[in-house]
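I opened this notebook to record, entry by entry, what I looked up in one structure. The sequence and the structure come first, and my notes follow.

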Amino acid sequence: MLKGNFFRGLGYLGEGFRLIRQPGLRLFVIIPLVINILLFGLLFVFLGELFAGLIAAAMAWLPDWAWLQALDWLFWILYGAVIVLMLAYGFVIVANLIGSPFYGYLAELTEKHLTGQEISTDESWAAIIKDIPRALWREVQKILYYLPRAIGLLLIGLIPVVNLVAAVLWFLFNSWMMALQYVDYPADNHKVSFPALRRLLGDTRLSAFGFGLPVALAAMVPVLNLFVVPAAVCGATAYWVRENGATRT
């Protein structure tokens, strides 16, 4: 039987957006935000040039008929749809890889703000830099968990009729992954392993889906996805403080 509260889970992202405006948290929101803006711009330019080259190559293979060559606008419409999807999920993965040391510390500061309790005593920049390899390995673990399941869902999606169910499963899986992705930051601060985190989220699965659903939707909206990452970290920390306490009572 599914446990947790779906509607309570929905509220955590909104709480995260409120938390990122707190004075003590702003620095560790602004730094990764600047990184994300630069990353988003570079990805957009790179993908734009890549697809422009692909479109030109594709049109060069077609017969030199005026009406057929005029269809290049259709390729650009398809390019726009593809680039939005690629930016949505590719951006989140890369942004989390680059910003993971900052997000771990942001989760720590958020938990201190919510509970008034220190998690660790070392708050220096040297400690953040030293933590980069471990934080990156944690992100790699999440990617390794995600990829085989995503590929499996993509294969199911190729089967006629069954692919209707696969679409629903894909959306649920991405909501689950968003919860895993961001609750992992406060969990990691408490030295909770990734497998143990999956079990903890499974104990309040409805709350996890409620939290992950709006994060997954927001990640698909350009510009908004720049701000949703730090907000999701703060919201996930609120989730950790309240839901993890609930599982122990």
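Which backbone oxygen does the side chain of Asn189 reach? I looked this up before anything else, keeping in mind that the model is predicted, and I found that the side chain of Asn189 reaches the backbone oxygen of Gly104 at 2.9 Å. Asn189 has its place in helix H7, which covers residues 162-189. I also checked its exposure, and with a relative accessible area of 18% Asn189 falls under the 20% cut-off, so I noted it as buried.

**Entry: the chain as a whole**

I then stepped back to the overall make-up, where I counted ten helices and zero strands in the protein chain. Read along the sequence, this gives the pattern α-α-α-α-α-α-α-α-α-α. Of the 249 residues of the protein chain, 41% count as buried. The area that the protein chain exposes comes to about 13100 Å², and carbon and sulfur atoms supply 73% of that area. I also looked at contacts between residues at least 6 apart in sequence, and among these 82% join residues at least 24 apart.

**Entry: what the record lists**

I turned to UniProt, where an unreviewed entry lists residues 28-61, 73-98, 151-173 and 215-241 under "transmembrane region". I examined one of these stretches in the model: over residues 215-241 the chain is 81% helix and 0% strand, and the C-alpha atoms at its ends lie 18 Å apart.

For a residue within another listed stretch I picked Ile30, which lies in helix H2, residues 27-61. Is Ile30 buried, partly exposed or exposed? Its relative accessible area is 46%, which lies between the 20% and 50% cut-offs, and I therefore wrote it down as partly exposed. I also compared Ile30 with Ile20, and these two residues are ten apart in sequence and 9.4 Å apart in space, taken from C-alpha to C-alpha.

**Entry: salt bridges**

My next search was for charged pairs, with one general point in mind: side chains of opposite charge can pair when their charged atoms come close. How many salt bridges does the structure hold? I found six.

One of them joins Glu15 and Arg242, whose closest N and O atoms are 2.7 Å apart. This pair links distant parts of the chain, since Glu15 is in helix H1 (residues 6-19) and Arg242 is in helix H10 (residues 224-247), 227 residues apart. I looked up the exposure of both partners, and they do not fall into one class: Glu15 counts as buried at 13% relative accessibility, whereas Arg242 counts as partly exposed at 39%.

Another salt bridge is formed by Asp184 with Arg138, and here too the closest N and O atoms are 2.7 Å apart. Asp184 is in helix H7 and Arg138 in helix H6 (residues 132-156), so this pair also links distant parts of the chain, 46 residues apart. Asp184 counts as buried at 1% relative accessibility, and Arg138 is buried with a relative accessible area of 9%.

Arg138 has a further partner, for its side chain meets that of Asp188 in a salt bridge of 3.3 Å, N to O. Because Arg138 lies in helix H6 and Asp188 in helix H7, the pair ties together parts that are 50 residues apart in sequence. Both Arg138 and Asp188 are buried. Following the shared partners, I arrived at one network of salt bridges, which joins Arg138, Glu139, Lys142, Asp184 and Asp188.

**Entry: a patch on the surface**

Which residues form a nonpolar patch on the surface? I noted Val165, Val168, Leu169 and Leu172, which together have about 330 Å² of accessible area. Val165 is found in helix H7, and at 49% relative accessibility it counts as partly exposed, because only values over 50% are classed as exposed.

**Entry: after helix H7**

Last, I looked at the loop between H7 and helix H8 (194-203), where Lys191 is found. The phi angle of Lys191 is near 60 degrees, a positive value in a residue other than glycine. Lys191 has a relative accessible area of 68%, which is over the 50% cut-off, and I therefore recorded it as exposed.

Technical notes:
Residues are numbered from 1 along each chain as its sequence is written. This is a predicted model: local features need pLDDT of at least 70, side-chain atom pairs count only at pLDDT 80 or more; totals for chains, interfaces and linings use all residues. Side-chain values use heavy atoms; hydrogens and water are left out. UniProt positions are given in the numbering used here, feature names are shortened, and annotations may be inferred rather than shown by experiment. Helices (H or I, at least four residues) and strands (E, at least two) are DSSP runs, numbered from the N terminus. Buried means under 20% relative accessible area, exposed over 50%, partly exposed in between (1.4 Å probe, protein chains only). A polar contact is a pair of N or O atoms within 3.5 Å; within protein, one must be able to donate a hydrogen and the other to accept it, and residues adjacent in sequence count only if both atoms are side-chain atoms. A salt bridge is a side-chain nitrogen of Lys or Arg within 4 Å of a carboxyl oxygen of Asp or Glu. Contact means heavy atoms within 4.5 Å. Accessible areas come from the Shrake-Rupley method with a 1.4 Å probe; for residues, only the protein chains shown count as cover. Patches are made of residues with over 30% relative accessible area and no salt bridge: like charges are joined within 9 Å, nonpolar side chains (Val, Leu, Ile, Met, Phe, Trp, Tyr) within 5 Å.
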